[in-house]
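Hello,

Here is the structure I promised to pass on to you. Have a look first, and my notes on what turned up follow right below.

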Amino acid sequence: MTRTRSLLWMVGLLALSTAGCTQESTQGAATVFSYQWWVSPVAILVGAGIAAWGWMQRATGWRAYLTLVVGVLATVAFCPFGWFDKVLIDNEHFEARWGCWCFPSTHNIAFSDVNGVTLTAKKTTSRRGRRTSYSLVFQLKSGAPVDVATGNSLMDAAAAKLVATLQAKGLAIHDATNGL
């Protein structure tokens, strides 16, 4: 197998591992959404493969060493996400944890502390085009808003269950996206 073909296989496996392969499980009365067991190991293998490819190409110059370093850093920094990220929903609260393993975004919201929920949208424009990001804003009884981003595969998988649980608790979701 040529080196280019090997690199393409590694990139393909990385794309597969980050494609949002989620699973739904039940723990007692709670529903847990998490990544499939194989997502992190595949991402680690791809990162290690990229680092190895950089090592094999080291005679070609500084770009090979850069590939080696990027492969190692990407493996250490981003690949453990699948073991730690989860969304948990039960009749009493909503819990979420995702992001970089060392600086995760965490939310723990008791439904009894919520006055209302608003779906918001924010449009941004950059060199790469326009992007709309959505979030749920939980208005707590204390007056503090809690902004929960919905733009990841775990929240996509948990959305129907979260909406159903909120409606069962008598909490309607106000749509403030203005058609975005």
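Let me start with the aromatic rings: this predicted model holds one aromatic pair. The partners are Phe-94 and Phe-138, whose rings are stacked, with 5.8 Å from centre to centre and 20° between the planes. Phe-94 belongs to strand 4 (residues 93–98) and Phe-138 to strand 7 (residues 129–140), so the pair ties together parts that lie 44 residues apart in sequence. Both Phe-94 and Phe-138 are buried.

These two rings turn up again in the largest nonpolar core, which has 25 residues. Val-87, Phe-94, Ile-109, Phe-138, Val-148 and Leu-162 have the most contacts inside this core. Which elements supply at least two residues each? They are strand 2 (30–35), strand 3 (86–89), strand 4, strand 6 (114–126), strand 7, strand 8 (145–149) and helix 5 (153–168). Helix 5 gives the largest share, with five residues.

Ile-109 is a good place to centre your view if you want to look around in there. Not counting residues up to four places away in sequence, Ile-109 touches His-93, Phe-94, Val-114, Phe-138, Leu-140, Val-146 and Val-148. Both rings of the stacked pair, Phe-94 and Phe-138, are thus among the residues that Ile-109 touches.

Now to the charged groups. Side chains of opposite charge can pair when their charged atoms come close. The structure holds one salt bridge. Glu-95 forms it with Lys-86, and the closest N and O atoms are 3.8 Å apart. Are these two residues buried or exposed? Each falls in between: Glu-95 is partly exposed, with a relative accessible area of 24%, and Lys-86 also counts as partly exposed, at 30% relative accessibility.

Another charge has a ring for company: the charged end of Arg-58 sits over the ring of Trp-55, 4.0 Å from the ring centre.

One last residue for you to look at is Thr-177, in the segment after strand 9 (173–175). Thr-177 has a relative accessible area of 6%, and because the cut-off for buried is under 20%, Thr-177 counts as buried. Its side chain makes a polar contact with the side chain of Asp-175, at 2.6 Å. Leaving aside neighbours within four places in sequence, Thr-177 is in contact with Leu-119, Thr-120, Ala-121 and Tyr-134.

Happy browsing, and best wishes!

Note on methods
Residues are numbered from 1 along each chain as its sequence is written. This is a predicted model: local features need pLDDT of at least 70, side-chain atom pairs count only at pLDDT 80 or more; totals for chains, interfaces and linings use all residues. Side-chain values use heavy atoms; hydrogens and water are left out. Rings of Phe, Tyr and Trp (its six-membered ring) pair if their centres lie within 6.5 Å; planes under 30 degrees apart count as stacked, over 60 as edge-to-face and the rest as tilted. Helices (H or I, at least four residues) and strands (E, at least two) are DSSP runs, numbered from the N terminus. Buried means under 20% relative accessible area, exposed over 50%, partly exposed in between (1.4 Å probe, protein chains only). A charge sits over a ring if NZ of Lys or CZ of Arg is within 6 Å of the ring centre and within 35 degrees of the ring normal. A polar contact is a pair of N or O atoms within 3.5 Å; within protein, one must be able to donate a hydrogen and the other to accept it, and residues adjacent in sequence count only if both atoms are side-chain atoms. Contact means heavy atoms within 4.5 Å. A salt bridge is a side-chain nitrogen of Lys or Arg within 4 Å of a carboxyl oxygen of Asp or Glu. A nonpolar core is a set of buried Ala, Val, Leu, Ile, Met, Phe, Trp, Tyr and Cys residues joined through side-chain atoms within 4.5 Å.
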